[in-house]
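Here is a friendly walk through one protein model, with its charged pairs up front. Have the structure open as you read.

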Amino acid sequence: MTVGTTILIALFVFMMYKFSAYASILGPSSTQIIFYNDVLSKYNEYYKFLSPLGRKKFIKRTHRFRSSKNFIGKNGFVVEEKHETLISSAAIQITFGLEDYEFNRYQQIMVFPDTFRFLDKDVYYKGLTGIRGSIFLSWPDFEEGYETRVDRLNLGIHEMAHALELNIIFGNDTTEEFAKKYDSFKETSLAEYDRIKNDEDSFLRNYAGKSEREFFAVCIEHFFEEPQEFFLKLPEIYLHLCTLLNQDPLNTHLDYVIEK
């Protein structure tokens, strides 16, 4: 391969990257909008309650998030547009009330056909969110999270909550105001976390007592899966989550905005 050919290839790759970034900024095409709406209307309950304006915002953010990530199928899994869309929508759901939603720390999302092992350890995972820029998901478990709401389990929400928290901890896409709200949530919820660690009864499932990281992710799951019961059982923690995420899942009539 000549030097000239190498330069041309490098230039082509660079131009394709710039075109992709530019297309992301412009937003989805009319054909893509129809596709996004069809997929999200079928699978994402949160999306179904949005107004036309809210849906437009959700689709635009989903498209931009999806365009900014590298989705990689593992162990023979073939990643399709549907998979990329629904995984992206989990991130958009929890950040719908926030200005920053792309999780720039995370560039790769690995999708598996089933539970998977990590680093040859004899432990199987449904999902993992690392600190070095990758999110790992078992697709069947991700999909089940959106098919069944009454179990308070949603793998996509759970792992994206980890990504959000790690962005806070490491200072990515995080304002000082948002960090203060996060600290306030932690202070308010500390007593409940200790209760779960001590095997006392709680509205939150026992896995929340495994660590502070898991407590946060489980709270976010329950926040979207069972908001009414969460508010009744743990109102102070629920309201702090509303403030942190700048949305209220109970307000399905006004695009989840927080009302006084």
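Let's begin with a charged pair: Lys48 and Glu45 form a salt bridge, with their closest N and O atoms 3.4 Å apart. A salt bridge here is a side-chain nitrogen of Lys or Arg within 4 Å of a carboxyl oxygen of Asp or Glu. Lys48 and Glu45 are 3 residues apart in helix α3 (residues 45-48), so about one helical turn separates them. Helices (H or I, at least four residues) and strands (E, at least two) are DSSP runs, numbered from the N terminus.

Before going further, a word on the source: this is a predicted model, in which local features need pLDDT of at least 70 and side-chain atom pairs count only at pLDDT 80 or more, while totals for chains, interfaces and linings use all residues. Residues are numbered from 1 along each chain as its sequence is written, and side-chain values use heavy atoms, with hydrogens and water left out.

**Salt bridges**

The whole structure holds 14 salt bridges. Three of them are set out below.

| Pair | N to O distance | Citation |
|---|---|---|
| Lys48 and Glu45 | 3.4 Å | closest N and O atoms |
| Glu212 and Lys186 | 3.2 Å | side chains |
| Glu192 and Arg195 | 3.5 Å | side chains |

How exposed are these partners? Buried means under 20% relative accessible area, exposed over 50%, and partly exposed in between (1.4 Å probe, protein chains only). Lys48 is partly exposed at 35%, and Glu45 is partly exposed at 29%.

The salt bridge between Glu212 and Lys186 has a partner in each of two helices: Glu212 lies in α9 and Lys186 in α8, so the pair ties together parts that are 26 residues apart in sequence. Glu212 is partly exposed at 36%, and Lys186 is partly exposed at 30%.

Glu192 and Arg195 are 3 residues apart in helix α8, with about one helical turn between them. An α-helix has 3.6 residues a turn, so residues three or four places apart point the same way. Glu192 counts as buried at 10%, whereas Arg195 is partly exposed at 31%. Elsewhere, salt bridges that share partners join Arg66, Glu81 and Glu84 into one network.

**Helix α5**

Helix α5 (residues 81-94) has 14 residues and reaches 21 Å from its first C-alpha to its last, close to the 20 Å expected at 1.5 Å a residue. That expected span is 1.5 Å times one less than the number of residues. Of the 14 residues in α5, 12 are buried, among them His83, Glu84, Leu86 and Ile94.

**The largest pocket**

About 640 Å³ of space lies in the largest pocket. The elements that give two or more residues to its lining are β4 (124-125), β5 (127-129), α6 (139-147), α7 and α9 (212-225). The lining has 27 residues, of which Gly127, Leu155, His158, Glu159 and Tyr207 lie nearest the pocket's centre. Helix α7 gives the largest share of the lining, 6 residues. On a 1 Å grid over the protein atoms alone, a pocket is an open set of points where a 1.4 Å probe fits, with protein on both sides within 12 Å along at least five of seven lines; lining residues have an atom within 4 Å of a point.

**Two positive phi values**

Asp199, in the loop between α8 (176-197) and α9, has a phi near 65°, a positive value in a residue other than glycine. Asp199 is exposed, with a relative accessible area of 70%.

Terms used
Points joined across faces, edges and corners; volume = space filled by probe spheres on them.
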